[in-house]
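Work through the exercises below with the model open. Try each task before reading its solution.

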Amino acid sequence: MGVPRWGAVVGLAVERWLEAERDQLVLWLPVMLGGGIALWFALPDPAAWCMAILVLVASALAFLAVGQGGRAARSLAIGLLTAALGLGLIWARSESVARPVLSGPTIASFSARVEAIEPLIARKLVRLTLLPIGKGAETDGQPVALPYRVRVNLAEADAPKLLGTGAVVHLRARLMPPPLPSVPGAYDFARVAWFGGIGATGRGFAPVAVTTPSESGAGIRVALSHHIVSRLDGSAGGIAAALATGDVGAISEEDSEAMRRAGLAHLLSVSGLHITAAVAATMLIVLRLLALSPWLALHARLPLIAALAGAAAAIGYTLLTGSQVPTIRSCVAALLVLAALAMGREAMTLRLVAAGAACVMLVLPESAAGPSFQLSFAAITAIMALHEHPTIRAFFRPHEEGRGRRLTRGVASLLLTGLLVEFALMPIAVYHFHKAGLYGAFANIVAIPLTTFVVMPLEALALLLDAGGLGAPIWWLVQRSLDALLWLAHVVAGAPGSVRSLPAMPTAAFALMIVGGIWIALWRTRWRRLGLLPLAAGAVWALATPAPDILITGDGRHVAVRTAAGLAMLRDRAGDYTRDMLSENGGVDGEPLLLADQPDARCSRDLCMTDIASRGRTWRILATRSDYMVPIAELIAACRTADVVVSERGLPKRCVPRWLKLDRRVLRHTGGIALTLGTGTVVTILNSGDRHPWRDPPVLERPAHLFRSRHAEFHDGTSGFWADRSRWKSHVHAKAQRREDDAVRETIPNSARDRGASSP
């Protein structure tokens, strides 16, 4: 048919390859579904999304038309149609959850129904998810419209005793819209809030009045967490509560950070390890109890009954622990395993993983962009791919050998699996958290058996005995075992080189590594080795990406500059959240320095100027560092000598630096900024043309008098520099206090579980 000879040869080779891999082709369906979802996040606006869907569908039809019935054409067509489905699915999902958000910071009194309660015991806070009823009232009595769902933190002492799920409360709170990432690469809470229907976050104040008590109380999850925490001391109670209910609020930040650095944070996220233990224990107990009856043992399929009990345990455990993405994935996988066992089929396969991934993405397509989904499925995919390899399967299967060799083989298999999982998760951890652990595989050799075979059974027994008031001795054993786990975490976390910090990597480099890893994991023939090329290219690209020289938060208040001594912050006073966020995104492990203490910096109370050497050139950076006004002549003269000027205020037009002027007017349109001086790269949070709904969400209308007062307060221009000092100081200080202390540091999740740590 006119096909060149070389084309026929290539086509025949491809068909033979796909014939050999025919059992693996179905595994690519969830990959293509996730690829379509990722494409929606990568493309900027509805026009691009429509064009992508049309191109994908047209390409699929073209392959079917010219493929002459070959497996390659059919596979490509089905894959492209699946990608188009994924893109359309996430687009529809984003529209279905659309809710207007608060237009700006406000202090309002309002009534609301309590939807969820999350105790943060270590921080002495209670996090409430509220559904406002009607409009609220501002401090001057003016009505203000509130979003559909609000999340508020309360001090423990301010939470009333009758507070519970379903209760109606009346409170006063300082609210603000869900904030965008402070700097490029930081946690995007605005996106999470959009898909969660959260239109405002903030801090509530006493008194909080319960106008309609709850019929069910705080719920079994909160009650069980409080019960467990009351039986144990310190963070051990928080870890025990996390194992039972998924609630990590009682773990101190110091211990939580040690668990993350030691590679043990996955133990705090209820997922595969915990679901497997719960299902196995339930099946064992049910099977043993039913076997006591001779009649049942002879006339009933006891394994099937035990499997049904295990399925019920998996579903109940998932609901009890809050139905997080890793838990849902593990529950789906457990149900599929039990169904396969009941039918006499092989259960633990990559098809099981693919089915679980497809189920999660069909219901919650936005989860594919989060670290929880990616970490969870990357770990289990790596484990399944390893165990399906013929050589590894032959090594792991039972052998006729002595107890010592059997133990050695078991430890070696656990170490090999742990190393592979650490390697598989490293790109994801670096992309989302900018850190990678080095000793996690070795720590997990001890931590996983300790948690699975000691801590969890003892905790379950203690809870059972508490029904008769006899659990105290068992709780003592739980305390000792969890203390040992925390000791291990601190020892590993404190070891030299336990964590490697890296700056934010390019998304394209991350995508290359993911594609390469999936290619290696899903194919079985020698063609899988081609995945090493994109994997290596992405890794080299990520490692070669220089750390940003300057990080600027979206409000312009906080600036981090890379000096000869390390990353240094402009302002002496900054919250823990801000310091940690700037350190992580700057690729620094530890506390940032103070810019005023550096020898190359010349700082006064109001201004700071420093020189940075990069790529054979010296760059001069000027930034304002106080709420006071600066004499305009002094400011303009300093601007002329600087390459970059940064300020949280509106700078006068006569302030003209040599390269960039980043004041309030500019930052309002760009959000946080990362500058790499050597390459002249400027990365911003907000980009022109980006029409993702959380970047420019619909906002609730506000009374006209508020717009007039805001315009008067924020009027820009040269004359503003001669305004009254006390008026400007009180206004800027109040704005910064609202944004920094209440809205960001306390309402954005900052634990490994909240941001998506998970386990295989």
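The exercises cover model confidence, then the disulfides and their surroundings.

This is a predicted model: local features need pLDDT of at least 70, side-chain atom pairs count only at pLDDT 80 or more, and totals for chains, interfaces and linings use all residues. Residues are numbered from 1 along each chain as its sequence is written, and side-chain values use heavy atoms, with hydrogens and water left out.

**Exercise 1.** Find the chain's average pLDDT and the stretch where pLDDT stays under 50.

*Solution.* Recall that pLDDT is the predictor's confidence in each residue, from 0 to 100. Start with the average: it is 83. Of the residues, 89% score at least 70. Next, scan for values under 50: residues 706–760 stay there. For that stretch, the model has 132 contacts (heavy atoms within 4.5 Å) beyond four places in sequence.

**Exercise 2.** Search the whole structure for disulfides and give their pattern.

*Solution.* Apply the cut-off: a pair of cysteine sulfur atoms within 2.5 Å. The search returns 2 disulfides. Cys-603 pairs with Cys-608, S to S 1.7 Å. Cys-639 pairs with Cys-655, at 1.9 Å. Count bonded cysteines along the chain, and the pattern reads 1-2, 3-4.

**Exercise 3.** Describe the link of Cys-639 and Cys-655.

*Solution.* Take the angle about the S-S bond: -75 degrees, left-handed. Now place the ends, using DSSP runs numbered from the N terminus (helices: H or I, at least four residues; strands: E, at least two). Cys-639 sits in helix 22 (residues 632–641). Cys-655 lies in the loop between strand 16 (644–646) and strand 17 (660–662). The two are 16 residues apart.

**Exercise 4.** Which bonded cysteines are buried, and which is partly exposed?

*Solution.* Buried means under 20% relative accessible area, exposed over 50%, partly exposed in between (1.4 Å probe, protein chains only). Cys-603, at 29%, is partly exposed. Cys-608 is buried at 2%. Cys-639 is buried at 0%, and Cys-655 is buried at 1%.
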